[in-house]
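Work through the exercises below with the sequence and the coordinates at hand. Each task is followed by a stepwise solution.

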Amino acid sequence: MATISICFCPYALARPRVRTPRTPSAKKPIPPNPNPNHKQLSARTIGVEATTYTRLPPKEDFSLPSLLDFSSEVKLSESRVAVERKIEKEIGDLSSEEEEEEEENGVDGKFEVFEGNYDSELEDEDYEDEEIEGVRYEAIERGKDEFQGSADGEVVNFDGNEGELEEEEVKEKGVPAVMRCFDRAKIFVKAGDGGNGVVAMRREKFVPLGGPSGGDGGRGGNVYIEVDGSMNSLLPFRNSVHFRAGRGDHGRGQSQNGAKGEDVVVKVAPGTVIREAGKEEVLLELLHPGQRGLLLPGGRGGRGNASFKSGANKVPRIAENGAEGPEMWLDLELKLVADVGIVGAPNAGKSTLLSVISAAQPTIANYPFTTLLPNLGVVSFDYDSTMVVADLPGLLEGAHRGFGLGHEFLRHTERCSVLIHVVDGSGQQPEFEYDAVRLELELFSPEIAEKPYIVAFNKMDLPDAYEQWPSFKESLQSRGIEVFCMSAVKGEGTHEVISTAYQLLRKSKVTKEEFKEDPVDLNHVADMVHKQQTASINEFEISHDSGTNTWHVVGSGLQRFVQMTNWRYMDSERRFQHVLEACGVNKNLKKRGVKEGDTVLIGDMEMVWHDSVSGPSNLKKGSAETTKWAQFK
Ligand SMILES: Nc1nc2c(ncn2[C@@H]2O[C@H](COP(=O)(O)OP(=O)(O)OP(=O)(O)O)[C@@H](O)[C@H]2O)c(=O)[nH]1
Ligand SMILES: [Mg+2]
């Protein structure tokens, strides 16, 4: 008689910035740059008011002793740190250490297995040591842990994988963590495993031969993804990375099925784009608050022995493990959903404008990069006419090469329909400032540059701006650009700016509605996973590693069958042999020339092939060949 061997194998797998003095008396001439192409840094002092920066001074300027002597010199890195600290404080415990890994969702798994009280005659008939014609595999228990899962409730350990991925993550240098995490996140989601089915026999007074009564395991919890209108960043994912749905309860005696595992809902901000980690293809794009989709369906519960009862096998001693819930790492990227985006050089007055036109209270201060993260505000005109406006961090010349901060956030304008370009009218060269920012937008994305926009010439309350306005206006108008003047601080002229933006928005909305797309299916990822889960057991591929005499049988249906086989029960092995025979694995292997002693790998299972010497005459009543096994679903 042939020996069968089955063994389990573990599855592997500062920039410095110069601030000009604020008091007129402290004005210092800006040193000429030796580079003729270098345009003068528009850093100047206007009373106690703003200084607009359109570019960072070249590095060598910082080593000039004359500049180092400035008593009022402030380094950007310092101001950035200060502002960052402030932001971290605002968002509460975000600066605290990384959260401990969540507790594993495993179930203690203390369930009773009822066995016994079955007809001894049946036992003799059904459970004699039978043989099947052809080949057989022998189980070798390689590690206790692998088996423990099926009996005691699995505690699934993902640490290996997670660790690897986290280690691989390359930290972007130069961008503070709070900014990196504002609109990007990497999360791990896992649907719950199904609960195990059990073998139990009904033992009741006056009910002789009660028969099998082992209940099925409960289905694992699902992972849902939902758009939460109150969120406007992905910062919460900085502290919680792992989302695991609950495991289904195991079945119990008296035909009691296990309860379904707890679902988990991952809440994201409107405008979040979801990709599988490391891949380009977009899985989901979530735009509207309240949208909800099923991301990963929970694993099926394993069947208990009551489900295996049939005419030919009245007392089955077999139960399945619950199916493992699917898992994946996801890259989340947020592109804010705002109707209007305010862009411009640092310190131009963008946040001031937002604070005047909406109830938003962004931080406003007379230094560049006050705004480190985009701010959103809602502008209401009437009861039903509102628009969402985003104030973005300032843009510098060279932003596309990584200068300043604004470029990091330009992608948030991708979803805006209209842009308001704020120019600091009191700057030395407002037109140059305008052109520099415009160029950056074009370099970032031609699509953004094509969006309708208006120019708002700000700080008209200052004499310098007032003086420069006529020439600026003339120059831009001659280029066909719509330009407005305003004083954001005083709230003068802002209404014209914002109403024009609203008119443009309405126009673009009308055009967009003409091309309305079909409603999006948010469950398609789950459908894809479900399709994989229900793949036919007959679909598999066999590959051969001639060097090591190893055969790999790959097929998701077959692999799931192997994972759900609970070797603890005596009929499991017979069913296993039967299924491999029935789905054609044995036949295919023989056809491909498998030899005695070769290793066959199916999923996590390692088996040794033995040519059986037994023939058809060895088959006995109740053997795997004659027993009708419940179909594997
Ligand atoms: N006089 C005058 N000052 C203004 C006006 N608008 C803004 N400011 C000042 O300009 C400075 C910068 O304003 P912010 O609104 O923080 O500028 P910002 O464009 O948001 O700057 P970043 O966030 O650093 O890019 C502040 O000191 C404001 O008080 C204005 O219309 N007139
Ligand atoms: Mg700002």
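The exercises cover a ligand shell, a metal site and two buried residues.

This is a predicted model, in which local features need pLDDT of at least 70, side-chain atom pairs count only at pLDDT 80 or more, and totals for chains, interfaces and linings use all residues. Residues are numbered from 1 along each chain as its sequence is written, chains are lettered from A and ligands numbered from 1 in the order in which they are written, and side-chain values use heavy atoms, with hydrogens and water left out.

**Exercise 1.** Describe the shell around ligand 1 and its polar contacts.

Step 1. A residue is near the ligand if one of its heavy atoms lies within 4 Å of it. There are 25 residues around ligand 1, and Lys350, Thr352, Phe369, Thr371 and Asp461 come nearest.

Step 2. Sort the shell by class: 11 residues are nonpolar, 10 polar and 4 charged. Here Ala, Val, Leu, Ile, Met, Phe, Trp, Tyr, Cys and Pro count as nonpolar, Asp, Glu, Lys and Arg as charged, and the others, Gly among them, as polar.

Step 3. List polar contacts to the ligand (pairs of N or O atoms within 3.5 Å). Oxygen atoms of ligand 1 lie 2.8 Å from a side-chain N or O atom of Ser351, 2.7 Å from a polar side-chain atom of Thr371 and 3.0 Å from a polar backbone atom of Ala488. The protein buries 95% of the 650 Å² that ligand 1 exposes when taken alone (Shrake-Rupley method, 1.4 Å probe).

**Exercise 2.** Which protein atoms are donors of the magnesium ion (ligand 2)?

Step 1. Donors are N, O and S atoms within 2.8 Å of the metal (3.2 Å for Na, K and Ca); water is not among the atoms, so sites may look incomplete.

Step 2. The protein donors are Ser351 (OG) and Thr371 (OG1), 1.9 to 2.0 Å from the ion. Because Ser351 lies in helix α8 and Thr371 in the loop between α8 and β12 (375-380), the pair ties together parts 20 residues apart in sequence. Helices (H or I, at least four residues) and strands (E, at least two) are DSSP runs, numbered from the N terminus.

**Exercise 3.** Is Ile420 buried or exposed, and what does Ile420 touch?

Step 1. Ile420 is in strand β14. Its relative accessible area is 0%, so Ile420 is buried (under 20%; exposed is over 50%, partly exposed in between; 1.4 Å probe, protein chains only).

Step 2. Contacts (heavy atoms within 4.5 Å) include Val340, Leu353, Ile454 and Val497, not counting residues up to four places away in sequence.

**Exercise 4.** Locate Arg415 and find its backbone partner.

Step 1. Arg415 sits in the loop between β13 (386-391) and β14 (418-424), and counts as buried at 17% relative accessibility.

Step 2. The Arg415 side chain reaches the backbone oxygen of Lys335 at 2.5 Å.

Technical notes. Polar contact = N/O pair within 3.5 Å; in protein donor to acceptor, adjacent residues only side chain to side chain.
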